[in-house]
Amino acid sequence: SASVRALTHVHALHNAHAPARPDAPARACADPLGLANFDLSIDSATDKTRSAALVMRDYRDAELKHGRLAMLAAVAWPLQERLNPLLAARFHYPNLVAETGGLSPSVLNGGLEQSVIPAAVLGFAALISAVELHGLNIKAERGPAWVPGDFGTARIAEPGTEQFASLASGETWNGRIAMIAMLAYVAQEALTKVPVGNMLIF
């Protein structure tokens with residue numbers, strides 16, 4: 001049928017443009033759009049012959065980093081909306097969500113100019129830059145043995161083991177869900193002006 005032929009064609013295109021290994025963590029239509037053919041990594045400035053597999057490896061590294069930040073933010077965003085007023089009253093600190101009507105300070109919600117927030121944002125950016133530089137040094141040091149998302153920290157499992165693959169897959173999927181959640185947080189508060197923290201059960 002026409003639908004079967006269409007699905008077969010899509011599957012063939014996927015196989016042609018998916019350089020990721022079959023055992024890659026959380027591999028779901030690894031690269032259906034063939035984005036690995038477009039090398040946007042900083043490494044492309046000095047190496048114009050990088051394979052699609054190496055490009056996809058760098059994209060996976062970027063996905064892991066964004067996912068990890070999103071997982072932290074997905075927890076911090078509603079918690080600060082609930083806890084900041086309580087802690088501010090208890091310890092006589094400025095209530096940093098009062099100006100925004102209980103919403104987390106952000107580009108869309110406003111409130112980023114308050115008190116210690118600008119210094120905190122700059123400090124966090126500096127910390128992230130330092131961590132990224134450390135990660136780049138680890139990547140250069142380990143060469144082909146480098147694993148995406150590796151910052152030289154202690155591991156629960158060693159690469160190549162079944163446990164490591166399971167944990168890596170779980171981290172990737174949780175990161176993806178957290179990134180979607182953060183987008184939902186921002187959209188909900190921008191449209192409804194109702195704090196996400198109001199949905200917490202405590």
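A cavity is a set of grid points over the protein atoms where a 1.4 Å probe fits but cannot get out. The legends below describe close-up views of a predicted model.

**View 1. The enclosed cavity.** The structure holds 1 cavity of 30 Å³ or more. The largest cavity has a volume of about 50 Å³. Which elements give two or more residues to its lining? They are α2 and α4. The residues around the largest cavity are Glu63, Leu64, Gly67, Arg68, Met71, Glu171, Thr172, Gly175, Arg176 and Met179. Sorted by class, this lining has 3 nonpolar, 3 polar and 4 charged residues. Two of the lining residues, Thr172 and Gly175, are also listed among the buried residues of α4.

**View 2. The chain as a whole.** The protein chain has 4 helices and 0 strands, and read along the sequence it follows the pattern α-α-α-α. Of its 202 residues, 29% count as buried. The accessible surface of the chain comes to about 13,100 Å², and carbon and sulfur atoms hold 69% of that area. Among contacts with a separation of 6 or more, 50% are accounted for by residues 24 or more positions apart.

**View 3. The second largest pocket.** About 860 Å³ of space lies in the second largest pocket. The pocket is lined by 21 residues, and those closest to its centre are Trp77, Gln80, Pro105, Leu112 and Val121. Elements that give two or more residues to this lining are α2, α3 and α4 (162-192). Which element gives the largest share? That share, 7 residues, comes from α2. By class the lining of the second largest pocket has 17 nonpolar and 4 polar residues, with no charged residues.

**View 4. Helix α3.** Helix α3 takes in residues 117-142. At 1.5 Å a residue, its 26 residues should span 38 Å, and its end C-alpha atoms are 37 Å apart, so the two values agree. Which residues of α3 are buried? They are Ile117, Gly135, Ile138 and Lys139. What covers these buried residues includes α2 (52-91). Just after α3, glycine 143 takes a positive phi of about 55°.

**View 5. The loop between α2 and α3.** Histidine 92 and proline 94 both lie in this loop. Phi of histidine 92 is near 60°, a positive value in a residue other than glycine. Is histidine 92 buried or exposed? Histidine 92 counts as exposed because its relative accessibility is 72%, and the cut-off for exposed is over 50%. Proline 94 touches Asn84, Ala88 and Ser115, leaving aside residues up to four places away in sequence. One of these partners, serine 115, is 21 residues from proline 94 along the chain, and their C-alpha atoms are separated by 7.8 Å.

**View 6. Helix α4 and its buried residues.** With 31 residues at 1.5 Å each, α4 should span 45 Å; its end C-alpha atoms are 44 Å apart, which agrees. The buried residues in α4 are Ala168, Thr172, Gly175, Ala178, Met182, Tyr185 and Glu189. What covers them includes α2, an element that is also part of the cover over the buried residues of α3.

**View 7. Leucine 183 on helix α4.** Leucine 183 lies in helix α4. Is leucine 183 buried or exposed? At 61% relative accessibility, leucine 183 counts as exposed. Where does alanine 70 stand relative to leucine 183? The two residues are 113 residues apart in sequence, and their C-alpha atoms are 9.6 Å apart in space.

**View 8. The segment after α4.** Lysine 193 is found in the segment after α4. Its place is just after the helix, where lysine 193 takes a positive phi of about 60°. This is a positive value in a residue other than glycine. Histidine 92, in the loop between α2 and α3, also has a phi near 60°.

Technical notes: Residues numbered from 1 in each chain as written. Predicted model: local features only at pLDDT ≥ 70, side-chain atom pairs only at ≥ 80, totals over all residues. Heavy atoms only, no water. Expected span 1.5 Å × (residues − 1). Buried < 20%, exposed > 50% of the residue type's maximum accessible area, 1.4 Å probe, protein only. Contact = heavy atoms within 4.5 Å. 1 Å grid on protein atoms, 1.4 Å probe; cavity = no way out; pocket = protein on both sides within 12 Å on 5 of 7 lines; lining within 4 Å. Points joined across faces, edges and corners; volume = space filled by probe spheres on them. Nonpolar A, V, L, I, M, F, W, Y, C, P; charged D, E, K, R; others polar. Areas by Shrake-Rupley, 256 points an atom, 1.4 Å probe, with all protein chains shown as cover.
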